[in-house]
Amino acid sequence: MTNLSIIKCKACGSFNRNLDYCSNCGELINPALIREENIDKRKKKHLEQLKKEQVEAENSFLNKLRNHRFWLVRAFGNIVHSVWVILLAVGSFLAWLAATISA
Ligand SMILES: [Zn+2]
């Protein structure tokens, strides 16, 4: 098997031999590199989405309660938050337990 490959540029239609970039217009034409670039883009998008969700979580109703200027509301917010954290911990423990028993 040879490494020789002729790739048609999608942007301008000219043929290139063993090149990563189009000799005519400079467009990326190496399929492996294009795939890598797409994976990078997707990763970046995913990270941005995560960041956005984090910001939204910080601005959530519960966090507003926890940062409220009235201490009773803050205390209530903290209690609800604690209950929520405990529920998550118990929930994940039960999920782990179920997975361990059935395995
Ligand atoms: Zn081209």
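Helices and strands here are DSSP runs, with at least four residues for a helix and at least two for a strand, numbered from the N terminus. On that basis the protein chain has three helices and two strands. What you have on the screen is a predicted model, so please take each value as computed from that model.

Let me start with the layout. In sequence order the pattern is β-β-α-α-α, which puts both strands ahead of the helices. Strand β1 covers residues 6-8, and β2 covers 15-17. Helix α1 then runs over 31-58, and α3 takes up residues 71-102.

Next, the overall dimensions. The radius of gyration of the protein chain is 26 Å, where a compact globule of 103 residues would have one near 13 Å. Along the principal axes, the C-alpha trace spans about 70 × 45 × 15 Å. Of the 103 residues, 11% count as buried. As for contacts between residues at least 6 apart in sequence, 2% of them join residues at least 24 apart.

On the surface, the accessible area of the protein chain is about 9,000 Å², and carbon and sulfur atoms account for 61% of that. There are 15 positive and 9 negative charges, and their mean positions lie 5 Å apart.

Now the cysteines. Cys9 sits in the loop between β1 and β2. Is Cys9 buried or exposed? Its relative accessibility is 2%, and the cut-off for buried is under 20%, so Cys9 counts as buried. Setting aside neighbours within four places in sequence, Cys9 is in contact with Ser14, Asn16, Cys22, Cys25, Glu27 and Ile29. There is also a C-alpha distance to give here: Cys9 and Leu28 are 19 residues apart along the chain and separated by 8.1 Å.

Two of those contact partners are cysteines themselves, Cys22 and Cys25. Cys22 has a relative accessible area of 5% and is therefore buried. Cys25, at 40%, is partly exposed. How many disulfides does the model have? The count comes to zero. The test is a pair of cysteine sulfur atoms within 2.5 Å, whereas the contacts I listed for Cys9 need heavy atoms within 4.5 Å.

Further along is Asn18, in the loop between β2 and α1. Asn18 is not a glycine, yet its phi is positive, about 55°. With 43% relative accessibility, Asn18 counts as partly exposed.

Moving into helix α1, we come to Leu33. Leu33 is partly exposed because its relative accessibility is 28%, which falls between the 20% and 50% cut-offs. Not counting residues up to four places away in sequence, Leu33 touches Asp20 and Leu28. Leu33 and Asp20 are 13 residues apart in sequence, and their C-alpha atoms are 7.6 Å apart.

My last residue is Ala89, in helix α3. Ala89 is partly exposed as well, with a relative accessible area of 41%. What is the C-alpha distance in space between Ala89 and Arg74? The answer is 22 Å, for a pair 15 residues apart in sequence.

To recap: the predicted model has a radius of gyration of 26 Å, 11% of its residues count as buried, and the disulfide count is zero.

Key
Residues numbered from 1 in each chain as written. Predicted model: local features only at pLDDT ≥ 70, side-chain atom pairs only at ≥ 80, totals over all residues. Heavy atoms only, no water. Rg over C-alpha atoms; globule rule 2.2 N^0.38 Å. Buried < 20%, exposed > 50% of the residue type's maximum accessible area, 1.4 Å probe, protein only. Areas by Shrake-Rupley, 256 points an atom, 1.4 Å probe, with all protein chains shown as cover. Lys, Arg positive; Asp, Glu negative; His and termini not counted. Charge placed at Lys NZ, Arg CZ, Asp CG, Glu CD.
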